[in-house]
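Reader: I should like to learn how to read the features of a model one at a time. Please give the general idea in each case, and then the example.

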Amino acid sequence: MLVDDEPDIIHSVEMILEDNGFVVDSYTDPTLALSNFKPGLYDLLLLDIKMPKMSGLDLYQKMKEIDSNVKICFLTASELFYEEYRRLDKYPRVDKEYFIQKPFRIKELIRQLNEILLD
């Protein structure tokens, strides 16, 4: 599942992922993504962090309550976001390699997503 509030990013990332063998459900509205999220349906969540209505972190926390086995990768435009995230106690712990900084290189994105799925 891919969730980002920017339609251009959704379109680009969805094409990249599908060209590399991924099956993708995409949403520009995090609340709609949450309402369509079902346990066991998704192997990986690829979430933008800063979105209106609900942050990617809050969305992940709610989805993790529904399916504790789902894996995560956050997209962020900020280099410092992981350090800020580590200071917060309310979210499930996620390692730094699960944060991908925008803009990203296609090969690096695919490599990281495959590593997360194999972990």
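Author: Let us begin with a single aromatic side chain in this predicted model. Tyr42 has a relative accessible area of 9%, so this residue is classed as buried, the limit being under 20%.

Reader: How is a pair of aromatic rings described?

Author: Two quantities serve for a pair of aromatic rings: the distance of the centres and the angle of the planes. In this structure, a search of the whole model yields two aromatic pairs. One of them is formed by Phe37 and Tyr42, whose ring centres are 5.9 Å apart with planes at 10°, so the pair is stacked. Phe37 is buried as well, because its relative accessibility is 4%.

Reader: What is the geometry of the pair Tyr60 and Phe74?

Author: The ring centres of Tyr60 and Phe74 are 5.6 Å apart and the planes stand at 90°, so this pair is edge-to-face. The pair links distant parts of the chain, with Tyr60 in helix α3 (residues 56-66) and Phe74 in strand β4 (residues 71-76), 14 residues apart. Both Tyr60 and Phe74 are buried.

Reader: Where is Phe37 found, and with which residues is Phe37 in contact beyond its neighbours within four places in sequence?

Author: Phe37 belongs to the loop between α2 (30-36) and β3. With neighbours within four places in sequence left aside, its contacts are Met1, Tyr42, Leu45, Met63, Ile66, Asp67 and Val70. For Asp67, the C-alpha to C-alpha distance from Phe37 is 9.0 Å, with their positions 30 residues apart in sequence.

Reader: In which strand is Tyr27, and is Tyr27 buried or exposed?

Author: Tyr27 lies in strand β2 (residues 26-27). Its relative accessibility is 14%, so Tyr27 counts as buried. Outside the four nearest places on either side in sequence, Tyr27 is in contact with Met1, Leu2, Val3, Asp4, Ile10, Leu32, Ala33, Asn36 and Tyr42. Tyr42, the partner of Phe37 in the stacked pair, is thus also a contact of Tyr27.

Reader: What can be said of Leu2 and its contacts?

Author: Leu2 is part of strand β1 (residues 2-3). Leu2 counts as buried because its relative accessibility is 0%. Beyond neighbours within four places in sequence, the contacts of Leu2 include Ile10, Val13, Glu14, Val24 and Leu46. Tyr27 is also among the contacts of Leu2; the two are 25 residues apart in sequence, yet their C-alpha atoms are 6.3 Å apart.

Reader: How is empty space in a model revealed?

Author: A probe the size of a water molecule, rolled over the atoms, shows where empty space is left. Here, the largest pocket has a volume of about 260 Å³. It is lined by 14 residues, and those closest to its centre are Met1, Phe22, Val23, Asp43 and Leu44. Two elements, β3 (44-48) and α5 (106-118), each give two or more residues to the lining.

Reader: How many residues of each class are in the lining of the largest pocket?

Author: The lining has twelve nonpolar residues, two charged residues and no polar ones.

Reader: What should one expect of phi and of the peptide bond, as a rule?

Author: Most peptide bonds are trans, and most residues other than glycine have a negative phi. Two places in this model deserve a look on that account. Lys102 and Pro103 are joined by a cis peptide bond, with omega about -10°. Pro103 sits in the loop between β5 (99-101) and α5. Lys53, although not a glycine, has a positive phi of about 75°. Lys53 falls in the loop between β3 and α3, and its relative accessible area of 67% means that it is exposed.

Reader: What pattern does the whole chain follow?

Author: The chain contains five helices and five strands, and along the sequence they follow the pattern β-α-β-α-β-α-β-α-β-α. Of its 119 residues, 44% are buried. Among contacts between residues at least 6 apart in sequence, 65% join residues at least 24 apart. The chain exposes about 7,000 Å², of which carbon and sulfur atoms supply 50%.

How values were computed
Residues are numbered from 1 along each chain as its sequence is written. This is a predicted model: local features need pLDDT of at least 70, side-chain atom pairs count only at pLDDT 80 or more; totals for chains, interfaces and linings use all residues. Side-chain values use heavy atoms; hydrogens and water are left out. On a 1 Å grid over the protein atoms alone, a cavity is a set of points where a 1.4 Å probe fits but cannot get out, and a pocket is an open set with protein on both sides within 12 Å along at least five of seven lines; lining residues have an atom within 4 Å of a point. Grid points are joined across faces, edges and corners, and a volume is the space filled by probe spheres set on the points. Ala, Val, Leu, Ile, Met, Phe, Trp, Tyr, Cys and Pro count as nonpolar, Asp, Glu, Lys and Arg as charged, and the others, Gly among them, as polar. Rings of Phe, Tyr and Trp (its six-membered ring) pair if their centres lie within 6.5 Å; planes under 30 degrees apart count as stacked, over 60 as edge-to-face and the rest as tilted. Buried means under 20% relative accessible area, exposed over 50%, partly exposed in between (1.4 Å probe, protein chains only). Contact means heavy atoms within 4.5 Å. Accessible areas come from the Shrake-Rupley method with a 1.4 Å probe; for residues, only the protein chains shown count as cover.
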